Amino acid sequence: MLEQRIQQHFIDSADLKYQAGPALSKPISQAMQALLACVTSGGKVLTCGSGVSGLLAAQFAAHFVGRFERERPELAAIALPGDATDPAADTPGAIDSDRFARQVRALGHAGDVLLVLSASGQSSAVLAAVTAAHARDMTVVALLGHAAGSGGAIGRALRETDVQVTVPHERAARIHEVHLLALHCLCDGVDAQLLGEQEGST
């Protein structure tokens, strides 16, 4: 029984990724172009996520500053600290809904990109960060979930010049898995544009 349950997780994850690939490839490509334009013009990427998504944001920043699969010059990215243990982090009732916005106002400049993650699309802290980024004339790339429909409140707050990548699923665990894959695609795509195509990985 337990092994069947584990196998079902693998099947469900694989099915979602297979089905979402065609729909998400275009917005992920647009997000990659936004990141590339930012860093090649001397800008930086600020990234944040609500709750568990904050850990994915930190991983993305580590890949950008360090390396993904190939050695290359450092790319400017900063993961904005949040509280991954706040059970309400990915809801409208976060403990400190201004924590990311303060950092965006302090660090963000026109031409920078804010990369946000929220499985629910409803995080008040992420929503406030998006508003702060718009006030700084920053482009927003938002990785969201479908639980609230069309990316929730965060999706509705985005501008035409922003990029929205919304996973068509309601379960947070599945959304996080696809968000991680999307972040890997972003890192790989930027590296391919900067360094050229490469067969396989190192």
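In the predicted model, the elements of the chain follow one another from the N terminus in the order α-β-α-β-α-β-α-β-α-β-α, and the secondary structure amounts to six helices and five strands. The radius of gyration is 16 Å, close to the 17 Å that the globule rule gives for 202 residues, so the chain is as compact as a globular protein of that length. Along the principal axes, the C-alpha trace spans about 55 × 45 × 30 Å.

Of the 202 residues in the chain, 47% are buried. Among contacts with a separation of 6 or more, 73% are made by residues 24 or more positions apart. The chain exposes about 9,800 Å², of which carbon and sulfur atoms supply 55%. With regard to charge, the chain carries 15 positive and 21 negative charges, and the mean positions of these two sets lie 4 Å apart.

Helix α3, which covers residues 99–107, contributes Arg 99, Phe 100, Ala 101, Gln 103 and Val 104 as buried residues. The partners against which the buried residues of α3 pack are two strands, β1 (45–49) and β3 (113–118), together with the helix α4 (124–135).

A further site of packing involves helix α6 (residues 172–195), in which Cys 187 lies. Cys 187 is buried, its relative accessible area being 1%. When residues up to four places away in sequence are not counted, Cys 187 touches Phe 60, His 63, Phe 64 and Phe 68. The C-alpha atom of Cys 187 is also separated by 8.8 Å from that of Arg 67, although the two residues are 120 residues apart along the chain.

The cysteines were examined for disulfides, a disulfide being a covalent bond between the sulfur atoms of two cysteines. With a cut-off of 2.5 Å between the sulfur atoms, the count comes to zero disulfides. For Cys 38, the closest cysteine sulfur is that of Cys 187, and because the distance is 14 Å, the two are too far apart for a bond. Cys 38 is buried, with a relative accessible area of 3%. Cys 185 is likewise in no disulfide, the nearest cysteine sulfur being that of Cys 187 at 9.5 Å. In terms of exposure, Cys 185 is partly exposed, with a relative accessible area of 36%, whereas Cys 187 is buried.

How values were computed: Residues numbered from 1 in each chain as written. Predicted model: local features only at pLDDT ≥ 70, side-chain atom pairs only at ≥ 80, totals over all residues. Heavy atoms only, no water. Helix = DSSP H or I, 4+ residues; strand = E, 2+ residues; numbered from the N terminus. Rg over C-alpha atoms; globule rule 2.2 N^0.38 Å. Buried < 20%, exposed > 50% of the residue type's maximum accessible area, 1.4 Å probe, protein only. Contact = heavy atoms within 4.5 Å. Areas by Shrake-Rupley, 256 points an atom, 1.4 Å probe, with all protein chains shown as cover. Lys, Arg positive; Asp, Glu negative; His and termini not counted. Charge placed at Lys NZ, Arg CZ, Asp CG, Glu CD.
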